[in-house]
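Reader: Hello! I am new to this structure and would love a close look at a single part of it. Could you pick one and walk me through it?

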Amino acid sequence: MAYPDAEMSSTYRDLITAIAPTLNLSNVVNVAPSRPCAVCARVVPDRSKIKNHNIQTDYELFDTFPDFPVLKASARAGCALCRLFRKTIRSSWAVALRPMEQAGLGTLSTEDGVWDALFDMDWDRKVRIFHAHFYLSTRTISRGHGEPVEFIQKLIIKFGPANLPTEETGWLYRRQIYQEVEFKVFDSADVCEVGDSDDSFATRYPPDGHALSERNIALMKKWIFACKNNHAACQLGESIDWLPTRLLQISKSGRLKVRLVDTGSHFSKNSGIPVQFMALSHMWGDVTHSPPLRTLKSNYEFMLEGIRMSDLPQNFVDALLVCRELGLEYVWIDSLCIIQDSPEDWKREAVTMHLVYKYAQVTIVAAGAQSSREGFLVRNTRMTPAVKISYSPEHAHRSMILYPSNEESRPDFEYEDTPWNTRGWTFQERYLSTRLIYFCKNMLHFECRTCTHSEEGESATFIDSNKGLWPRTRLPAETWFKIWLDMVMKYTKRKLTYDGDKLIAVQSVANEMKEHVPGPYIEFAGVWQANIHKELLWSPWDGIPTYRDKYRAPSWSWASLDGGITTSMSTDSNRRPRRRGYGEALEVIRFNEGVLPEIVVRAHTRCILSIVRLDSNDLFDVVDIGGYPYNLLTDEPVSSDDSKEPAVFAQGRLDRDNRDHLLEEQADFMYLHVCDYQQPTGLILKKHTPEINGDKLSKEVWVRVGTARVFRDLSPQSIISKGFEGQDMREVIMV
C-alpha cells in the first residue's frame, strides 16, 4: 500500500481533448498491411544480414526542419511509415533530450514546441534521417526443439543536422550530432498467440486493447503456472497453507459479489486443500479528503455480511475482476483486511505482512493508478500511432507492425519508474512477493525471482537471484547482510505520507531476514547487532537530509533522518594492501530501548578540538579527500614526539553539512572509531544533555552528527602516524 501526499492538480493540458490517429494500437492488428514508399521499402528486416543482433539497412532521407515536407508529401501519397517517422521525429525534437544537449553545448531555445533556433548562428535547417537498423533479441522456445531463436524487438533510426556550421562561423565542434528514436516492431515471422506453443513465453504480439482480453488472461495464467512448476528459485520450500487473518471472498460466477471473511472461522471445516489467494498492491491516494473504503471497528460486522460494489473504489473492483478471471476466490487488500482504526490489529497484522505477499499466488500491482479511485484496467491504446507495413524479403510476403517506443525502452521501465515504486509501503510488497503482475497504462509485465516478461513478448530476462526480488536460496550470512544494506538504501529513497511509519514499513523485510542471520534485530533502530560495524557507518545520499521534529529513532540509526542514505565501503580486497591495526573494532555492550533508546559501546575515541571546512580555493584538496570536506583537529598526542600542537588526524563529513550551524555551537565533539576495514572508519559525535520530563540526565551521552575516516581514501596509509596503540577503549553511550 502507499499514500501519496495529494492528488496532482489539473492544468490547462487536462482540458485539451486529443484526437486519436487513424491507425493506432487499438486497430492496427486487424487492418491490411500497406505498401511503403520507395525509400521506406529499404527498411526491410533481412535476416540473412544479422550481425551482432542487428540488421542494418541502407535507409537514408534528407528533409527540412521544422515541417519535414518530404516526409509530409510521402505520407499524403499513402506511405504510413513516412507519416509515423515524421510524427515521431517532430514530437521527439519538441520534448526529448536534444542533440545539442547530448553534445554538452547547453539547452537550445525553443518556440512553438519545436526547434526554432538550432544554433545561435545560421543553419540551413537540412536534416538527415539515417542509420535505420533493427535490433534482435534471443530466447529459446520449445517449438524450436530448444534451440535459440532471434526475434526482432525494435527499429532504431538516427536524425540530426545534415550540415554543421563551419569553423569560420564560430562552430568549434566537428563531430556529428544526432538523436535516436525507437519503434517497437512486431514482425509477422515472430508473432504468435499464447496457445501456439508449449513455451509459456513465445507470445510476441502487440498490446491488446483490453487488459482482461482472453489472450491476456491466458498469458497471465501461463506465467503463474510456469513460475510455480518450473522455477526452483521461486519455490517456498515449506508448507503453503498459511493464511492471513482475513480475506475477501469473491463470488465464483454471476453478478460480482464480495464479503470479508475471518479465515480462522471460515476455513475451520476445510478439507485440507490449501486455500489460494491473490494480493493487491496499490496507492491509496489522497487519504485526507478522499480515503478508500476501509474496515473499521464500527463497520466490521457489516463487512462480514457483504460489501456493496458501489462502495468500493475502482482499484478494488478491478482487483476483484482480475482475481475471478484468474480462477481465484480470495484476495487480500490492506485497507479492507486490516481494521484500520485498531492499533492492536495493526500491530498484530504488521508483523505478518511479509507472509501475505510471500504466500499469495500472485501480487497484482496497480502500477498505472496513482489513487485507489483511478482503476487500472482501462486502456487507451487509441492514442498510440501505429502502422502495419508489408515487405517481401527473399520472395516471401510478410508484414510488420511498428509503434513509437516509450521514452525508456527497457521492458521494466513502466513499473520501475512509476509513482507506485517510490512509496515506502510498496517496498515490501515489491521485494517480498513471490511473483507479481504489473498492470501499467497499456501493458502487462510479469516479475519473479527467475525472470521478467511483458505482454508484448519481450525476451525473458533471467535474474541474478542476489539482485532481484528477495532471495529464496541459501546464502552466507555476510551475503544476507549485503542484501539488507542494499535494500535499506533503496528503501530510504522512498516516500512515506506518515513519516512515523519508517521503521514499521520495513519490519516485514527484517522478519524475512531473521531465519538467515544471527540476531538480534534492533527494532527501535532498524539495525542488526551482528552487522553493527557496517550499519553505523551510513552517510546521507544526494543532498541535505531533514530530521523530524518528533523523535523516531536514535541519531546513529539511518531511520532518524528523512532522505536516502549510502552505506560504508569495505576496504578488504585482494587488490589492495590490508590496513595495519590503527585501532580495535568497536564492541557493543548493550542496547537499551527505554524512554531514550541508546546503544552502549566500548571503543577507541579521540577528542576533536575543532572541525574546519576546507577553503574553496583548495580545489585539489577537495578532489583528493573524496567527499570528506572537513578536517578534524585534535590536541591529543598524534605523533611519536607527543606534541600537543593541534593536528589534523581525520577527514570528515557532517550529516547536514553545517546547514544547522552546528560548528557555531559551543559544544564538545569526539571521534569514535568503529573499525579499520570500512570507509568511513568512525563517527563524529557531539555531547548531548537530554531532558526527560524536564529533568536533565546525569550520565554522559552523545549524538551522531557525521562520519570520518582516519585513512587516506581506500589506501592503507593513515592520515597520522600514531593510531590508538596503547590507548584503552572507553565506554560510550549514544542516543
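Author: Happily; what follows is a look at the second largest pocket, with some of the surroundings first.

A word on the basis: this is a predicted model, in which local features need pLDDT of at least 70, side-chain atom pairs count only at pLDDT 80 or more, and totals for chains, interfaces and linings use all residues. Residues are numbered from 1 along each chain as its sequence is written, and side-chain values use heavy atoms, with hydrogens and water left out.

The chain has 735 residues, of which 52% count as buried (under 20% relative accessible area, with exposed over 50% and partly exposed in between, using a 1.4 Å probe and protein chains only). Its secondary structure comes to 16 helices and 38 strands; these are DSSP runs, with helices being H or I of at least four residues and strands E of at least two, numbered from the N terminus.

Now to the pocket. Rolling a probe the size of a water molecule over the atoms shows where empty space is left. Here a pocket is an open set of points on a 1 Å grid over the protein atoms alone, where a 1.4 Å probe fits and protein lies on both sides within 12 Å along at least five of seven lines; lining residues have an atom within 4 Å of a point. The second largest pocket holds about 630 Å³ of space, a volume that is the space filled by probe spheres set on the points, with grid points joined across faces, edges and corners. Its lining has 25 residues, and Y547, S555, S560, V703 and R704 are the closest to its centre.

Which strands supply at least two residues each of this lining? They are β34 (682–688) and β37 (701–709), and β37 gives the most, with 3 residues. By kind, the lining divides into 11 nonpolar, 4 polar and 10 charged residues. In this count, Ala, Val, Leu, Ile, Met, Phe, Trp, Tyr, Cys and Pro are nonpolar, Asp, Glu, Lys and Arg are charged, and the others, Gly among them, are polar.

Elsewhere, you can look for aromatic rings. The structure holds 24 aromatic pairs, meaning rings of Phe, Tyr and Trp (its six-membered ring) with centres within 6.5 Å; planes under 30 degrees apart count as stacked, over 60 as edge-to-face and the rest as tilted. One of them is the tilted pair of W470 and W480, with 5.5 Å centre to centre and 40° between the planes. Ring pairs also link F427, Y431, Y491 and W558 into a cluster.
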